[in-house]
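This report introduces a single protein chain to a reader who has not met it before. Please keep the sequence and the model at hand while reading.

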Amino acid sequence: MKKVTTSTLLKMKQEKKIITALTAYDASFAKLFDEQGIDVLLIGDSLGMVLQGADDTLSVSVADVAYHTRSVRTGVERAFVVADMPFMSYATPEQAYMNAAELMRAGASMVKLEGGSWLLETIKGLNERSVPVCGHLGLTPQSVHVFGGFKVQGRDDLQAENILEQAKLLEQAGIQMLVLECIPTELAGKISANLSIPVIGIGAGPETDGQILVMHDMFGISANYMPKFSKNYLKTTGDMRQAVSQYIQEVQEGSFPSAEHSFN
């Protein structure tokens with residue numbers, strides 16, 4: 001199997017081939033997902049909630065993500081590996097450079113940052129230092145206390161326009177992929193159409209260039225709750241490999257996410 005790279009993902013966008021992604025945190029599940037043909041694996045700071053049982057992602061450290069990145073990389077032959085930069089690990093460009101280097105050395109091929117225009121200098125600096133960057137807009141979980149909870153973003157016109165402008169600025173600064181979380185379907189489709197880079201949705205409807213779910217949500221085994229935008233594929237298949245295969249198939253054919261998994 002040919003290894004997925006940033007060039008592969010860009011070509012998939014250009015050819016309108018839907019990108020499939022899941023979170024992963026260890027070698028065994030990474031291998032299972034990789035063998036089923038998943039395109040992207042994210043070592044998410046979601047590990048704070050689904051592995052450590054916290055109420056949010058804020059307690060996760062760079063060392064935590066690096067540990068799980070090394071584990072995931074061991075199980076992967078084809079998939080593209082992205083690692084989350086945890087809360088306050090990129091508060092300044094200099095912090096971002098040092099912490100991104102640790103995650104890249106652990107096996108990531110790209111790092112993901114949450115936020116908009118305040119990150120432009122950091123993104124440019126990371127690119128100059130050979131670190132590919134994925135952006136993240138909409139519901140950014142590290143800002144949960146600013147938002148007052150895990151709430152859908154971009155529902156009013158002013159906020160929607162701001163998210164679109166932030167996405168354009170991030171692309172201009174040099175991100176090579178963007179995650180949109182918990183925003184209305186129409187807005188996500190508009191952003192995807194306005195950017196030349198791949199846009200991956202989670203709770204952002206079916207009009208993005210790809211979809212990602214937290215693996216525990218996709219299997220229906222999350223410790224806290226099942227988000228509206230997720231689907232329990234293990235319940236319908238009874239087998240983990242078949243669950244992943246069905247998820248990939250439904251994303252590629254456009255039947256997931258449906259209206260019941262999306263926001264207006």
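Which residue forms a salt bridge with Asp84? The model discussed here is a predicted one, and in this model the partner of Asp84 is Lys112, with the closest N and O atoms 2.7 Å apart. This pair links distant parts of the chain, since Asp84 belongs to strand E3 and Lys112 to strand E4, 28 residues apart. Asp84 and Lys112 are both buried.

**Strands E4 and E5**

Lys112 also has a place in the pairing of strands. Strands E4 and E5 run parallel and are joined by two bridges. The bridge partner of Lys112 in E5 is Cys134. Strand E5, residues 133-138, is mostly covered, with six of its six residues buried. The covering extends to both faces of E5: Val133, Gly135 and Leu137 are buried on one side, and Cys134, His136 and Gly138 are buried on the other.

**Salt bridges**

The count of salt bridges comes to nine. Three of them are set out below.

| Salt bridge | Closest N and O atoms |
|---|---|
| Asp84 and Lys112 | 2.7 Å |
| Arg78 and Asp39 | 2.9 Å |
| Glu128 and Arg129 | 3.8 Å |

The salt bridge between Arg78 and Asp39 likewise links distant parts of the chain, 39 residues apart. Arg78 lies in the loop between helix H4 (62-75) and E3, whereas Asp39 lies in the loop between helix H2 (27-36) and strand E2 (40-43). Is Arg78 buried or exposed? Its relative accessible area is 16%, and because buried means under 20%, Arg78 is buried. Asp39, with a relative accessible area of 3%, is buried as well.

The salt bridge of Glu128 with Arg129 has another setting. Glu128 counts as exposed at 64% relative accessibility, and Arg129 counts as partly exposed at 47%. In addition, salt bridges that share partners join Lys11, Glu15 and Lys17 into one network.

Arg129 takes part in a further arrangement: this residue lies over the face of Tyr97, at 4.1 Å from the ring centre. The charged end of Lys228 is placed in a similar manner over the ring of Phe263, 5.6 Å from its centre.

**Aromatic pairs**

How many aromatic pairs does a search of the whole structure find? The search finds seven. One of them is formed by Tyr90 and Trp118, which are stacked at 5.9 Å centre to centre with 15 degrees between the planes. The pair links distant parts of the chain, 28 residues apart: Tyr90 is in the loop between strand E3 (80-84) and helix H5 (93-106), and Trp118 is in the loop between strand E4 (110-112) and helix H6 (120-128). Tyr90 counts as buried, at 4% relative accessibility.

Why is the pair of Tyr247 and Phe256 edge-to-face? The ring centres of Tyr247 and Phe256 are 6.1 Å apart and the planes stand at 65 degrees, so the pair is edge-to-face; the angle required is over 60 degrees. Tyr247 counts as buried at 0% relative accessibility, and Phe256 is buried with a relative accessible area of 3%. Elsewhere, ring pairs link Phe29, Phe33 and Phe219 into a cluster.

**The nonpolar core**

In soluble globular proteins, nonpolar side chains tend to be buried together. The largest nonpolar core in this model has 87 residues. Those with the most contacts inside the core are Phe33, Leu41, Leu178, Ile191, Met218 and Tyr247. Helix H8, residues 157-173, provides the largest share of this core, with six residues.

Two residues already described appear again in this list: Phe33, from the cluster of rings, and Tyr247, from the edge-to-face pair. Leaving aside neighbours within four places in sequence, Tyr247 is in contact with Ala21, Leu22, Ile38, Gln211, Ile212, Leu213, Met218, Tyr233 and Phe256.

**The surroundings of His261**

Where does His261 lie? His261 is in the segment after helix H12 (240-253), and at 8% relative accessibility this residue counts as buried. Not counting residues up to four places away in sequence, His261 touches Gly203, Lys228, Phe229, Ser230, Lys231 and Phe256. Among these, Lys228 has its charged end over the ring of Phe263, and Phe256 is the ring partner of Tyr247.

Conventions. Residues are numbered from 1 along each chain as its sequence is written. This is a predicted model: local features need pLDDT of at least 70, side-chain atom pairs count only at pLDDT 80 or more; totals for chains, interfaces and linings use all residues. Side-chain values use heavy atoms; hydrogens and water are left out. Rings of Phe, Tyr and Trp (its six-membered ring) pair if their centres lie within 6.5 Å; planes under 30 degrees apart count as stacked, over 60 as edge-to-face and the rest as tilted. Helices (H or I, at least four residues) and strands (E, at least two) are DSSP runs, numbered from the N terminus. Buried means under 20% relative accessible area, exposed over 50%, partly exposed in between (1.4 Å probe, protein chains only). A charge sits over a ring if NZ of Lys or CZ of Arg is within 6 Å of the ring centre and within 35 degrees of the ring normal. Contact means heavy atoms within 4.5 Å. A salt bridge is a side-chain nitrogen of Lys or Arg within 4 Å of a carboxyl oxygen of Asp or Glu. A nonpolar core is a set of buried Ala, Val, Leu, Ile, Met, Phe, Trp, Tyr and Cys residues joined through side-chain atoms within 4.5 Å. Two strands pair if DSSP finds at least two bridges between them.
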